[in-house]
Each structure stands twice: as structure tokens, then as C-alpha cells.
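Notebook open, viewer open. I want to work from the core outwards and jot down what I look up as I go.

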Amino acid sequence: MAEQSFDLIVLGGGPGGYVAAIRAAQLGMKTAVVEREHLGGICLNWGCIPTKALLRSSEINHLLHSLDSYGFAADNIRFDLSKVVKRSRAVANQLSNGVKHLLRKNKVTVFDGHGKLAGKGKLAVSRNGSAVADLSAPHIILATGARARVLPGLEPDGKLVWTYKEAMVPPSMPKRLIVIGSGAIGSEFASFYLNMGAEVTLIEVLDRILPVEDAEISAFVAKSFAKQGMKILTGAKVQGLRKGADEVTAIVEANGKVQEIQADRVISAVGIVGNVEDIGLEGTGVKVDRAHVVIDEWCRTGEPGVYAIGDLVGPPWLAHKASHEGVICVEKIAGLNDVHPLDTSNIPGCTYCRPQVASVGLTEEAAKQAGYQVKVGRFPFIGNGKAIALGEPEGMVKTVFDAKTGELLGAHMVGAEVTEMIQGYTIAKTMETTEAELIHTVFPHPTISEAMHEAVLDAYGRVIHI
């Protein structure tokens, strides 16, 4: 088989890999992508995008059952779960095909198969055990992503115990559901199924749900979930699962007591591990730490000419972080002068449960632990005219500033559409804005974004509407 040569090869076509490939092509590199499953990766096909389509359906279901408060009435409200799932899959398929088009448009060669490092500057591609291609390039980017972490005793079986994948294509709506893990994935699925009518129990081993968020925001979401009817157990460990014919019992230890919780299905959402296996890392200088590849600030591994980006490397494990890493990596390879290392403190995080959660930068606690004297501002949605008009008065914005310099250290939001608003604070942080610029910025009225302005004003004793 004749060896095919490229300037750059990307192993993995997810949001890190395909973006890196397109940027490389824009910079004049002859580029190849090797993808064994779906272009767009987990994010477009089984993660970020299809879950948002599902959550949109659950939001509509919630609104339909709240029609009276808006002056409407409807009888016999119901949904067809198969159509809900079908729409979600169609959205994912549309975007995956869009990635295929973008790669073709940018003249990126795509190889359908499993890629594996095969010596210095070489990558072997196979499919179903048969060789597909032998590739070579001076630069190879590993973007193989990650998969769901499996804990002993909580192994998914595809029927009673689900990962995110099965949870996105349920054949029927479970009446009772247990979700183990309350990070973004667990909280989103818990919210989806709750708003579609299931009885949901959310179990978290740490002392609060959404543990990476600001403690105040976590408490707000927990209170909202409980008000909606969700049962929440924190500081709780699932000792094991006992399976029946069509139900499962979780043995849970919490507060020194052991209890049994019956459910129709269980979703395990206890983190991810990098896809480091069977990609030819053996005998290379690539170092793996806790199932993730170690890189420097330019995404270089310990093996010359081999780079790694996205969920395969360190946190935060977010699609937009993977894409940005891909661009940084390629631009550094190309020798561009205005490339900057990734500052993870400027990466926003979003959770699309109801109410939504969004944040960037340090929590109040983390800022204090880092030695900052802080000024903290808060503004509730109940003081915002647009939120009240929308029927969405449940929410708040919290800002954390360095008391000495006025630097915006962090921003934390909960409520309707905050995942769309957080970018305002992200831009402010990236531009190293202080409270002075934010205070002098004119926010449009009436918008929920006015709460962002008021939270800044509150930190400096100038809040108007509370």
C-alpha cells in the first residue's frame, strides 16, 4: 500500500479535530482527518447538540403545562417520545453532514477508519481489521476524545443501566429514574426526564450538586430542582445495583444510613476517561496521567511531532475548549506570531438544565482561597422586568471582583437564557476589563442581561433596582 504524505494529520473528527483540520487547511497545510465513527464526534452526534434538542422538547412540555399562567388553555396535552427522539437524532445528523461539507470545502482529506501511530511521523488506518491507508506527516494531532467512566458495580448494560448514549434514545419513558452524578451531564438528563414527567432521584457523592459551580449557584439549583419535585441525595454513595426483570434497585449510603431506591432505569454520569487505548502510544514519549494525555501550553506531548487536544487531555472537558485548543495548536505549528496559550480561567461553562447555569472564572470560594480580597455582587431575576414579563423570575447573577484592582475574577449565573448571556462576561474577562468599564457599559432595556449590569453595580454599592 502506497504511503500518502500530508503536512498535518488529525486523529479524530470531533469539535477539536475537525476545527484543527480546517484551520490547518486555511493556513495552506495539506491536511487529513482520520475518524472511525461520526464526523463531529461525540459532541455533535451523542452529546452537546442532541441533548439540547431533547432539552428543548422538555422545555416545551413544561411550558405547555404552564399555559394557564400565560392566559391559554389546552386539553389532553401529550407527547410522542419516538418523535422527540427522532427530532434529536435528525438535528445531530444534519450537523454531522455539515461538518463533512466543511471539510470537503476546505479540501481536507477524510479517512474512514481507526488510526494508530505507527512510528515517527506515521499513522496506520484500518477498518474492521483490514488496512485502509498508511499516512505520514511531520505533525500529528491526537483528538480521540473520551468516553463515559464506568465504576465497579455500576456497569451499564444498555437496558436497565444507561450511559448518556442510551439515555438519549429511550424506547419508552421511565416512570422512575435514578441519575448517578450531578455534573453537567447528570443534571441535564435529570432535568430532561423530570420535565417529561418521570420521578427523578439525583445522587451525588460530594456534598452538593453541580460541585464545580459556585456554592451559591449550586444551592439555588438544588432548591429549584426540589421545588420541581426532584429528589436529591448528596454526600451519597451507590454501593451497588440489584437488577430485576424490568426494574433496578440502588443500594445507597447517605448520612450514615443505607437505603434502597427502586427505579425503572438508572443513568450513570460519573465522569469521563480519555480514549488513550489502541492509538499507538506504546513506545512513544507520550505521557498518560489518569487516563488523559499530558501536554504543554502549545498542546505538545512528550513525543516530538505529536500533539493532543480536547477531552483526551486536561480539563475543562468542553467542546469549545477543544476547538480553541485545536486552533492554538495548528497556529503554533504554522509559526504564527500572535498565538497565545489557552487561559482556562476564561473558558465559560454551561449547563442546560432548568434553570440554566453558566459561569466563567473563579468562584467566590476559589478566589478567597487564591488570596484575593473580593467584592461580590448579586442581582435576582425578580428585580428584572424582562424576566418577569417572560414568566421567568427565578434566577440570579453573581459577580466576583478583586477588591484591590477591580479585575473581574468570576461570574456565575442561574436562570433563563444565562447560557446565552455568559459570553458578555467572558469577553470582559478576556479583555481584562475592570468594574469601571462594566459599570459604564450601557445595557439594553428590557433584557435579562440588565441583571448582569446590576450585579456589577451591587458589588460596588451602586445597585439600582433592589
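Which residues have the most contacts inside the largest nonpolar core? I looked up Y193, V200, V221 and I267, and those are the ones, in a core of 31 residues. Note to self: this is a predicted model.

**Who feeds the core**

I went through the elements next. At least two core residues come from each of α3 (48-64), α5 (164-167), β11 (176-180), α6, β12 (199-203) and α7 (215-228). The top contributor is α6, which gives five residues. That fits a general habit: in soluble globular proteins, nonpolar side chains tend to be buried together.

I then picked V221 and listed its partners beyond four places in sequence. V221 touches I209, L210, V357 and V414. There is also a second core, separate from this one, with 26 residues, among them L408, A411, I439 and M452.

**Helix α6**

I checked α6 because it gives the most to the largest core. Helix α6 runs over residues 184-195, and its 12 residues reach 16 Å from first C-alpha to last, close to the 16 Å expected at 1.5 Å a residue.

How many of the 12 residues of α6 are buried? I get 10, so I'm writing this helix down as mostly covered, with buried meaning under 20% relative accessible area. The buried list includes charged and polar names as well as nonpolar ones: E188, S187, S191 and N195 are in it, along with F189, F192, Y193 and L194. After the helix comes G197, with a positive phi near 110°.

**Helix α7**

Next I took α7, which has 14 residues and reaches 20 Å end to end by C-alpha, close to the 20 Å expected at 1.5 Å a residue. Here the buried residues are I217, S218, V221, S224 and F225. Why do they sit on the same side of α7? They cover an arc of only 130° around the axis, which puts them there. The helical repeat helps me read this: with 3.6 residues a turn, residues three or four places apart point the same way.

On the other side of α7 I find K223 and K227, both exposed. The buried residues pack against α6, β12, β13 (231-233), β23 (357-361), β25 (396-402) and β26 (408-414).

I looked at both ends too. At the N-terminal end, D214 caps α7, with a side-chain oxygen 3.0 Å from the backbone nitrogen of E216. Just after the helix, G229 takes a positive phi of about 110°.

**A stop at S323**

Is S323 buried or exposed? I found S323 in helix α8 (residues 319-333). Its relative accessibility is 18%, so S323 counts as buried, the cut-off being under 20%. Leaving aside neighbours within four places in sequence, I see S323 in contact with P15, G16 and V19.

**Zooming out**

Last, the whole protein. I count 13 helices and 26 strands. The C-alpha trace spans about 70 × 60 × 45 Å along its principal axes. For 466 residues, a compact globule would have a radius of gyration near 23 Å, and the 24 Å I have here agrees with that. Of the 466 residues, 49% count as buried. I also looked at contacts between residues at least 6 apart in sequence, and 62% of them join residues at least 24 apart.

Definitions and conventions:
Residues numbered from 1 in each chain as written. Predicted model: local features only at pLDDT ≥ 70, side-chain atom pairs only at ≥ 80, totals over all residues. Heavy atoms only, no water. Helix = DSSP H or I, 4+ residues; strand = E, 2+ residues; numbered from the N terminus. Expected span 1.5 Å × (residues − 1). Buried < 20%, exposed > 50% of the residue type's maximum accessible area, 1.4 Å probe, protein only. Core = buried A, V, L, I, M, F, W, Y, C linked by side-chain atoms within 4.5 Å. Contact = heavy atoms within 4.5 Å. Arc of directions from axis to C-beta. Polar contact = N/O pair within 3.5 Å; in protein donor to acceptor, adjacent residues only side chain to side chain. Rg over C-alpha atoms; globule rule 2.2 N^0.38 Å.
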